[in-house]
Amino acid sequence: MPARLRRLAPLTLALLGLLTAIQAAPVAAGAGLSTAETELIRLINKDRTDRGLIPYRSYSLLNRIADARSYNMATKHYFGHRQPDGRTAFDMIDASGTTWYAAAEDIAWNNYADAVGSAIMANNQWMGSSAHRAAILSTSYNYVGVGLQIDSSNGHRIWTALFLKAPDHTGGWVAFQPQPDTAAETLAVEDATSRSVTVSWRGGDVRLSTLTAGFDHYQVRRKIDSGSWVYLAHSTTSTSRTFTAYPGHIYRFSVRACDRRGNCGAWIYTGIRG
């Protein structure tokens, strides 16, 4: 199916479709779909990193819309970018209220028996088409979402991949130095007397293919024994904290990085035993 373009100044929206018929025995819906969807995103990003491109970030909103698009096709038994009610994925993105500048949709179906195998087949077919490959390898988008549903009438696995250019809404990243034991999350202080301990970390903003906001600050918290978390800094660019550890106490630290748009990443934890 040829690529179809629609322009909404100042936006350029690419609608990309592909019909792939791979004969294999159909299976019931629900088998390994989450794993398969994760695999398709991994494959798309591998296509990008193999060519020196920055990976797309998975976006929960796009995953929901892509899943809704696949569900609509599977339950209404059609294959196309425009739904029977006249809406497109772009109308659904608009309705979500999110800010966006450009988007593309790739769709595919196959009857591959294994869900992960179906993801591989869909990705191979998209990469074999110049129009679909352009969306996967674009430097104009920064987020991706995928959805998989099965048409129970014929066993077709229906795939939707959505690509979006949107403002950065991904928080930063943090890693403690030295990296603690991830199982115990503990750096031991074995001395019988108190001592000065320095907790160090590094971090920054997650780089996107486009529109990366850039690192702004860290937030730092500490918890002693079973007490409450207390902020040591709501906004700092320091990458270390020195404190006195006393025997018989457990000190827990958590740090997260925030970007210039106010997006903060996940809290990262470590602990020190006094």
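The following paragraphs describe the strand pairing and the disulfide of a predicted model.

A convenient starting point is strand β6, which spans residues 156–165. Of its 10 residues, 9 are buried, so the strand is largely enclosed by the rest of the structure. Strand β6 pairs with two strands that are described here in turn, β4 and β5. Strand β4, formed by residues 102–110, runs antiparallel to β6, and the two are paired over 9 bridges. Within this pairing, Ala-108 has Trp-159 of β6 as its bridge partner. Strand β5, formed by residues 143–151, is likewise antiparallel to β6, and 9 bridges join these two strands. Here Tyr-143 is bridged to Leu-164 of β6.

The connection between β5 and β6 also merits attention. The two strands form a hairpin with 4 residues between them. In this hairpin, Gly-155 adopts a positive phi near 80°, and strand β6 begins at residue 156.

A further element is an open sheet of 3 strands, arranged in the order β7-β9-β12 with antiparallel pairing. The edges of this sheet are occupied by β7 (172–177) and β12 (240–245). Each of these edge strands has a single partner strand, so one side of each is left without a neighbour in the sheet. From one strand to the next, the twist averages 25°.

Within this sheet, the pairing of β7 with β9 can be followed at the level of residues. Strand β9 comprises residues 195–205 and is joined to β7 by 6 bridges, the two strands running antiparallel. Phe-176 has Trp-201, in β9, as its bridge partner.

The final feature to consider is the covalent cross-link. The structure holds 1 disulfide, which joins Cys-258 to Cys-264 with an S to S distance of 2.0 Å. The torsion about this S-S bond is about 100°, so the disulfide is right-handed. How do Cys-258 and Cys-264 stand with respect to solvent accessibility? Cys-258 has a relative accessible area of 1% and is therefore buried, the cut-off for that class being under 20%. Cys-264, by contrast, has a relative accessibility of 29% and therefore counts as partly exposed, a class that lies between the buried limit and the exposed limit of over 50%. The disulfide thus links a buried cysteine to one that is partly exposed.

Technical notes:
Residues numbered from 1 in each chain as written. Predicted model: local features only at pLDDT ≥ 70, side-chain atom pairs only at ≥ 80, totals over all residues. Heavy atoms only, no water. Disulfide = S-S within 2.5 Å. Buried < 20%, exposed > 50% of the residue type's maximum accessible area, 1.4 Å probe, protein only. Pairing = 2+ DSSP bridges. Axes fitted to C-alpha atoms, helices over the stretch in contact; angles between N-to-C directions.
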